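Below are my notes on the model, set out as numbered points. Please read them alongside the coordinates.

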Amino acid sequence: MPIVSTDNEIGFIGLGVMGQPMALNMARAGTPLLVWNRSSMRSEPLRDAGARVAVSSGEVFAKTRIVILMLATEQAIDAVLARDTADFATCVTGHIIVHMGTTSAVYSHGLEADIRAAGGHYVEAPVSGSRKPAEAGQLVAMLAGETEAVEAVQPLLLPMCRDTVPCGAVPNALLMKLAVNIFLITMVTGLAESVHFAQRHGLDLARLTAVLDAGPMASDVSRIKAAKLVAGEFSVQAAITDVFKNNRLIADAARAAKVALPLLDICHALYGETEALGFGQSDMAAVIRAIEARTAMVRAI
């Protein structure tokens, strides 16, 4: 079966914190889009940008052949694809399904097998970056799947992504994303601990950020997160709950491969504690609240 053409309308399902700006960048670049989101209000900016809005996810599959999914959970993906029902084949046969969210590698590998068995094609395309890079079209996509399918999808991602990196067979793209997230999570957690240490020693935080920004460890992430930590402003770019989920996915993959992750184990506990403190929908920099809570416990002894 030939890979479908990219000349026609592209489907996009999932217009959340990441999905909406990603789809908007595609629409503004002139990509013909048919979009759907469970909460219809999230679709209106896409309509304003020239995309068509479907009345159901089923309409997206009926009218497009390449369908991008930017969904938060495995359960949401299964529901949209009507997996384990007779309608699953209707959704995927003759389609390229592009999974851009973050799920377990085991789940993705099984989904690919089911889609290919039903006569469809599957591409993993998770992205590195949070809301700000998504808005700026500066994400980095990791791609895995059949070569022809990946080559058909790769040009479509250019309005969303600064770079796209082929990673081989499924689930290598998701495993690569998890590897990248280890660095991100431990880096932001270390930055939060640094700011907390400086605060408790009465240091000038503006000077701390000046030193960090001038040094070899400076990055877009460090600058953005340091500003949030100093201001105590945690409007969401990557939510604590989502980071905690990603941390859990990494831990599961590590256990399955019998890989030690001592730094991530500490971060897993801290993000869980931050969520339990009520900061689940705050930015990941709010992990400093768990560190503060631990300091309070130490001082109470």
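1. Lys-258 sits in the loop that links α12 (240-257) to α13. The model is a predicted one, and in it the phi of Lys-258 is near 55°, a positive value in a residue other than glycine. Lys-258 counts as exposed because its relative accessibility is 79%, and the cut-off for exposed is over 50%.

2. Ala-82 also deserves a look on a backbone plot: its phi is positive, about 55°, although Ala-82 is not a glycine. Ala-82 is placed in the loop between α4 (74-81) and α5 (88-92). Is Ala-82 buried or exposed? With a relative accessibility of 17%, Ala-82 counts as buried, since the limit for that class is under 20%.

3. The peptide bond between Val-170 and Pro-171 is cis, with omega about 10°. Pro-171 belongs to the loop between β9 (161-166) and α9.

4. On nonpolar packing, the largest core has 34 residues. Phe-12, Met-22, Leu-33, Leu-46, Met-100, Leu-157 and Met-160 have the most contacts inside this core. Elements giving two or more residues to the core include the helices α1 (19-28) and α8 (147-153), along with the strands β1 (10-13), β2 (33-36), β4 (66-69), β5 (96-99) and β8 (139-145). The largest share, five residues, is that of α1. As a general matter, nonpolar side chains in soluble globular proteins tend to be buried together.

5. Which residues does Leu-33 contact, leaving aside neighbours within four places in sequence? They are Glu-9, Ile-10, Ala-23, Met-26, Ala-27, Leu-46, Ala-51 and Arg-52. A second core, separate from the one above, has 32 residues, among them Ile-185, Phe-234, Val-287 and Ala-290.

6. Asp-283 is found in the loop between α13 (262-279) and α14 (288-300). Asp-283 counts as buried because its relative accessibility is 0%. Not counting residues up to four places away in sequence, Asp-283 touches two lysines, Lys-225 and Lys-228, as well as Phe-234, Ser-235, Val-236, Gln-237, Ala-238 and Ile-240.

7. Helices α9 and α10 (residues 205-214) have axes that come within 10 Å and cross at roughly 145°. Their crossing is right-handed. On the α9 side the contact is made by Leu-191, Ser-194, Val-195, Ala-198 and Gln-199, and on the α10 side by Leu-205, Leu-208 and Leu-212. Sorted by class, the contact has six nonpolar, two polar and no charged residues.

8. Met-187 is another residue of α9, which spans residues 172-200. Its relative accessible area of 25% makes Met-187 partly exposed. The C-alpha atom of Met-187 is separated by 9.9 Å from that of Met-217, a residue 30 places away along the chain.

9. How many disulfides does the structure hold? The count is zero. Cys-167 is in no disulfide, and the nearest cysteine sulfur, belonging to Cys-161, is 12 Å away. For a disulfide the two sulfur atoms would have to lie within 2.5 Å, so this pair does not qualify. Cys-167 counts as buried at 13% relative accessibility. Cys-267 is buried too, with a relative accessible area of 5%.

Key: Residues numbered from 1 in each chain as written. Predicted model: local features only at pLDDT ≥ 70, side-chain atom pairs only at ≥ 80, totals over all residues. Heavy atoms only, no water. Core = buried A, V, L, I, M, F, W, Y, C linked by side-chain atoms within 4.5 Å. Buried < 20%, exposed > 50% of the residue type's maximum accessible area, 1.4 Å probe, protein only. Helix = DSSP H or I, 4+ residues; strand = E, 2+ residues; numbered from the N terminus. Contact = heavy atoms within 4.5 Å. Axes fitted to C-alpha atoms, helices over the stretch in contact; angles between N-to-C directions. Left-handed = near helix turned anticlockwise from the far one by under 90°. Nonpolar A, V, L, I, M, F, W, Y, C, P; charged D, E, K, R; others polar.
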